[in-house]
Every structure is written in structure tokens, then in C-alpha cells.
2 protein chains.
Amino acid sequence: MTRMTAAQSPYSPADRPRLGLRERKKIKTREAIRTATYALIKEQGYDATTIEQIAERAEVSPSTVFRYFPTKEDIVLTDEYDPLILAELRARPADEPWMDALRHVMRTALDLSEREDPEVLRLRAHLGVQVPAVRSRYFESMTQTGRLLREALAERTGRDPESLEVRVSAMALIGGMMEVSMYWAENDFEGGLRDLMERALDVMEHGLGPEKP
Amino acid sequence: MTRMTAAQSPYSPADRPRLGLRERKKIKTREAIRTATYALIKEQGYDATTIEQIAERAEVSPSTVFRYFPTKEDIVLTDEYDPLILAELRARPADEPWMDALRHVMRTALDLSEREDPEVLRLRAHLGVQVPAVRSRYFESMTQTGRLLREALAERTGRDPESLEVRVSAMALIGGMMEVSMYWAENDFEGGLRDLMERALDVMEHGLGPEKP
DNA sequence: CATGAAATGAAAGTAACTCTCAAAATCATG
DNA sequence: CATGATTTTGAGAGTTACTTTCATTTCATG
């Protein structure tokens, strides 16, 4: 499952420790909390897993858990691909139609996260389907992404990012992409997420006509 | 603000009471809880309003409040236009393009709810913007609506309502429509919700091209 | 190693919900 | 209208996520 915090070469003074001991400890704690949470959820399910248990397994106090993550759902969901997505999107040629740019970016992002940690992507989608609170938080974070998407769409269409049209487009895309994730989880993760996403972007670009395969 | 529970002709034995005393009381209680909630929220804001206060003002016990509404957010948001929307959608001619059908239905629904109780529509949109928990619940209920929308889209395009394409389209529409509501609230409810919705449906139908006004 | 700053833990508190059970209100009868 | 069955309510105790406060520990730095 989720990689352990690989304590690679714990004592090689000059090479790794660009960060102070404090910073490194914080990162470790964060990881510990997250892996403890994932493990407990797999064992017992989301609801049955309390913050106290998480704290105990991660060997920190409950206070500390809350200091690192504002809510229980955040432990599962937090991690920011957003900046990456935005950067990637800006990197695409400016004259490329925005839908194509988006396609490329999503492909890249999904490939990356799949290679990085395939389990987590699945667990999240699964919890998104099963647990309303997680789904909510998921949606919130997608909404955040939607705000970034506005900027990108605005740049590429010469519109105001705060215009109704841009906002609606961005949010419609977000809604569609979220549904892809739900669909994927509900259908036992069959048919690579990347391909599903592709199909979703197609239908959002060209609209839903009568069936034609 | 919200209409009082108009006790019209409180004692006309034969004409109104098709329902037993029990049923009528339940309806009254429900209304009482809701109006108490709206009033308190207006006075103090959402977070500062506790279930205990609501119970007190509605003259019921906190237990009863929870018996009527599973969560605090539901007190604000519950009420089902969904069946109406679906019926309306089915009532449209079967050969009408589904986007047109949807346009008509949304117009009808918005006009109705605006005439029915304009305050509530605004309060909800406003809380949807301000309070994350409400926004979440709002989104959940839109998701529900999205499921119905699947059926309608499937019927009109001869596709499987559970297909990725249909699901994504439905959810994209939901996302877009939700954004309209947020936009409306954030821009001080200017530019009738109906017209904004119209513009949103347009852009979702034809896509977001370069600006052209 | 001393001093200041940051991170942690302990503890008490709040508020949304859940569960259980007994009392009260309604309903269906004879 | 009395009575027993059924439904609805309220009281109370319990759980848990989250907050706030404050003393203690841990690290950074001169």
C-alpha cells in the first residue's frame, strides 16, 4: 500500500538535509498521520476510525492531528496537484485550443499520480463514493481547482475569468471530471481512468448526441 | 420574509382536513422548525445558530428537530423540486432536443420558486456561498437531481443512463447550474437568476469560444 | 549552553448528532 | 367515551469531531 516514509540514508550529513530537523520532523509526522489513517480505514472503514485511534497509531496526540489537518477528511484528501496542473496548463502553447490543452494536462496529471501512488487514487475515489463527508471535501477541493481553471480558460479565450460564462464552463468541467472518478470507482476501477477521462472530455467538448458506436 | 404558517380558516371541519390531526401537526412542526431556523440565521448567522436555539424557538425538543431533519443543513435546504422537474421534463415533446427541454424546465422551475418564495432562494444561494457545510449539502442534493437528469438525457438520446457519457453530461450540467447560483449570490443577486441560467445553458451547449459581444 | 521561538501534549469545552426509554398525544374500536 | 394499540415526543446520557488555552518540551542560534 502507501509507501512507508523511506528513511533513506538517515545520517548522511551533507547530502540530504537541506531542511532543518524541525522541518523534516514535520514532514514525517504528516506522513505518519496519513499512513496511519489509510491503514486504519482499510482495516475498519472510514466511520469506525476515530481521530484518537489515528493519533495513537501515528504516535502523536490528537491535538497534533488536528494541527496538521483541519478535518478528518483532509487527512485522506489533502495533497496538491493543483499548482502542477496550472503550471502544466500554462506551459502548453498559447494558440492550442483550451480543450486540447486540458486534455494533455489531465493525461499528464493522471499518469503521474498513477505512477506515483496508484493505491491512493483508488482509495480516494472509493471513499468519495462511499462516504458523503469525503465526497463533500472532494468536491470542495475540485471547486478550488475550478478557480484555477477559470484563469486558464480566460487566458485562452480572452474573456474575463470572473464572467459567468467562464465560471460556468470551468465548473461544468469540474463536475464532469468528478463524475468520471465516481464512475471509475463504482465500476470497480475498470477501464483506465485516463481513457475514461478522455471520453468525458470528448463528450463535454462535443455534446451528447444520439449514440453512434 | 418566509411566509408564516398561514392558519387559514382554522376551524372549517369539512373543507380542509383531509389529513388526520397527526399529519397536520407534523406539517406544522416541520414548518415551525424551518421558520425558526431561517429567522435565527438572519439574526445571528448560520454558525452561531445552534440546534438548541432552533428547538427552543420552534417550541419542540432538540430530539424532535433531529427527528425531522437529519442535519442542520437539511433544515435550510430540504424541499423537493426534483420530482416536479422530472415530470416537467417528461412532459416536453419527445422529439425536442434535450437541451431545449431542459431550458424550458429550468425556466418554469425558477419562475415557480421565485413566485413561491423569493427570499428562500436567495438565502440558500447566499448560505451556499458563505457556509461550506451548506454548500456541501447543496451539492449533494444537486447530485441527486443529477441522477434524475441522467434518465431524462438517456431517454432523449437513446443511450444508457448509466453510461459514462450520460453521467458526465448530467453532472457537468449540474456543476454549471450550481455555479450559476453561486455567481448570482456573489454578485448581489443582480441579473435575474433566470437569465443567468439561460446564459449558462447556452455556453454549456455551444461551448466557450472567444468572446464575441 | 543559554535564550528565544516553535512544536507538542494535556485538558476542558462546544455542538452536532445517536440511542434508549418512558410519558404523552392521537387513533381505532366497542 | 372508555380503552388499548400506535405513534410521536421529550429527557437524558453518550459519542465524536473539532476548538481553545496553557504549560512543557524540542529545536535553532549566538
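This is a short dialogue on reading a predicted model of two protein chains and two DNA strands.

Student: What should I know before I start?
Tutor: This is a predicted model, where local features need pLDDT of at least 70, side-chain atom pairs count only at pLDDT 80 or more, and totals for chains, interfaces and linings use all residues. Residues are numbered from 1 along each chain as its sequence is written, chains are lettered from A and ligands numbered from 1 in the order in which they are written, and side-chain values use heavy atoms, with hydrogens and water left out.

Student: How is chain B related to chain A?
Tutor: Start with the idea. Two copies of a chain are related by a rotation about an axis and a shift along it. Copies are superposed by least squares on the C-alpha atoms of residues with pLDDT of at least 70 in both. Here, a turn of 180 degrees and a shift of 0.0 Å along the axis lay chain B on chain A, with an RMSD of 0.0 Å. That is a two-fold axis. In chain B, the C-alpha of Ala172(B) is nearest the axis, 2.1 Å from it.

Student: How many residues of chain B are in contact with chain A?
Tutor: Contact means heavy atoms within 4.5 Å. By that rule, 38 residues of chain B touch 38 residues of chain A. The copies meet through the same surface, because 100% of the interface residues of chain B are also interface residues in chain A.

Student: What area do chain B and chain A bury between them?
Tutor: Buried area is the accessible area (1.4 Å probe) that two parts lose on being put together, summed over both. For this pair, the value is about 3,400 Å², with 58% of it on carbon and sulfur atoms.

Student: How many salt bridges cross the interface of chain B and chain A?
Tutor: A salt bridge puts a side-chain nitrogen of Lys or Arg within 4 Å of a carboxyl oxygen of Asp or Glu. The rule finds ten across this interface. Arg150(B) and Glu179(A) form a salt bridge at 3.1 Å, N to O.

Student: Which element gives the most to the side of chain B that touches chain A?
Tutor: Helices (H or I, at least four residues) and strands (E, at least two) are DSSP runs, numbered from the N terminus. Helices H8 (132–157), H9 (164–186) and H10 (193–206) of chain B each supply at least two residues to that side. H9(B) gives the most, with 16 residues.

Student: Now the DNA. Which residues come nearest to DNA strand D?
Tutor: A residue is near a strand if one of its heavy atoms lies within 4 Å of it. Of the 19 residues around strand D, Arg22(A), Lys25(A), Lys72(A), Lys26(B) and Thr64(B) come nearest. Of the strand D atoms within 4 Å of the protein, 63% belong to sugar or phosphate and the rest to bases.

Student: Where do N or O atoms of the protein approach DNA strand D?
Tutor: Look at both phosphate and base. A backbone N or O atom of Leu21(A) is 3.0 Å from a phosphate oxygen of strand D. In the side chain of Arg67(B), an N or O atom is 2.9 Å from a base oxygen of strand D. H3(B) provides the largest share of the surface near strand D, four residues.

Student: What about DNA strand C?
Tutor: Of the 20 residues around strand C, Lys26(A), Thr64(A), Leu21(B), Arg22(B) and Lys25(B) come nearest. A polar side-chain atom of Thr64(A) lies 2.4 Å from a phosphate oxygen of strand C. For Lys25(B), a polar side-chain atom is 2.7 Å from a phosphate oxygen of strand C. H3(A) gives the most to the surface near strand C, with four residues.

How values were computed: A polar contact is a pair of N or O atoms within 3.5 Å; within protein, one must be able to donate a hydrogen and the other to accept it, and residues adjacent in sequence count only if both atoms are side-chain atoms.
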